[in-house]
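Let's take a friendly walk through a protein model together. Keep the sequence and the 3D view at hand as you read.

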Amino acid sequence: MEVCALTGSTGVIGKKLRKNLPFKFYNFRGNITNLKTVKKWVNGKDFDLIIHLAAIVPTRKVNKNYLKARKVNIKGTENLINALLKKKIKPKWFFFASTSHVYGIGKKYKKLREKNKTHPTNKYGITKKISEDIIKKKLKKSKIQFCIGRIFSVTDTTQKPPYLIPSLEKKIKKSKNTLLLKDLNHFRDFITTNNISSAIKILYKKKKTGVFNIGSGKYFFLKDIAQLIAKKYKKKVKYHDNKKASYLIANNQKLTSLGWKPKKFSNTLKYFY
């Protein structure tokens, strides 16, 4: 059985990868901003591939402590790359979990391709774009093949606030009167953790390199999701649009051309009925 080194193993995606992928996992434990700790882990065992998930992800958390987010997301990635480059027996494949936020939020409906220009409009997207650039620069001439997965809006029934859907559920469930929800007139591409697992599996199987969008290719209106949750708990909600509608939707043809087919997000939404 192949050995997969994994950072971010205790996160929502990390837990699902350990459950779904056919590897023996070598999980990182410790402070990824500490180069000495990272080097010790990288050199502690030989592995066939590495999947780098470790990051501060929720935009609220990133905005609240941007300095820490930069250290974890950027410095942590740089530490990992530097340690890998000095490792004697290097892994065959490196996967980096990036985000759709590197593209920035669109004001019109348009599916984003991997070749679209990147222009992060939030701090989380900035940390991931800088990390992408570090990976491309440092691994370009190395023997380590690398793949960057730009993951769109992640959803899982085990997610907790401050992620969007569980945050909405918490607000709606606790409401006693008609709840006013603000800024939900937006369209997003939700992708389940099971679909992310299957995407990474096929990317590794075919040893793909470069950038791939990991998204459903379909949009979901945030108000519709809120309405489903309100229906589940028999609550009343109303909306106030304090911003113009925005879009963040994947063109996933590059990934689906490999034979990958995402399962419907609507199956996951049944959890909220």
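## Salt bridges and their surroundings

E2 is partly exposed, with a relative accessibility of 29%. On this scale, buried means under 20% relative accessible area, exposed means over 50%, and partly exposed lies in between, with a 1.4 Å probe and protein chains only. Before going on, please note that this is a predicted model, in which local features need pLDDT of at least 70 and side-chain atom pairs count only at pLDDT 80 or more, while totals for chains, interfaces and linings use all residues. Residues are numbered from 1 along each chain as its sequence is written, and side-chain values use heavy atoms, leaving out hydrogens and water.

Which residue does E2 meet in a salt bridge? The partner is K92, at 3.2 Å from N to O. This pair links distant parts of the chain: E2 sits in the segment before β1 (3–7), K92 in the loop between α4 (66–86) and β4 (93–99), and their positions lie 90 residues apart in sequence. Like E2, K92 is partly exposed, with a relative accessible area of 39%. A salt bridge here is a side-chain nitrogen of Lys or Arg within 4 Å of a carboxyl oxygen of Asp or Glu. Helices (H or I, at least four residues) and strands (E, at least two) are DSSP runs, numbered from the N terminus.

The structure holds seven salt bridges. Here are some of them:

| Pair | Closest N to O |
|---|---|
| K92 and E2 | 3.2 Å |
| K16 and D156 | 2.9 Å |
| K232 and E169 | 3.2 Å |

D156 lies in the loop between β7 (153–155) and α6 (164–174) while K16 is in helix α1, so their bridge ties together parts that are 140 residues apart in sequence. Are D156 and K16 buried or exposed? Both are buried.

E169 in helix α6 and K232 in helix α8 are 63 residues apart, and their bridge links distant parts of the chain. E169 is buried at 12% relative accessibility, whereas K232 is partly exposed at 27%.

## Helix α8 and what follows

Helix α8 (residues 222–233) has twelve residues and reaches 17 Å from its first C-alpha to its last, close to the 16 Å expected at 1.5 Å a residue. That expected span is 1.5 Å times one less than the number of residues. Among the buried residues of α8 are L222, I225 and I229. A230 is another buried residue, with a relative accessible area of 1%.

After α8 comes K234, in the loop between α8 and β13 (237–240). Its surface state is exposed, at 78% relative accessibility. Phi of K234 is near 55°, a positive value in a residue other than glycine.

## Unusual backbone spots

Most residues other than glycine have a negative phi, and most peptide bonds are trans. D183 has a positive phi of about 60° although it is not a glycine. D183 is found in the loop between β8 (179–182) and β9 (187–188), and counts as partly exposed at 23% relative accessibility.

What kind of peptide bond joins P161 and P162? The bond is cis, with omega about 15°. P162 belongs to the loop between β7 and α6.
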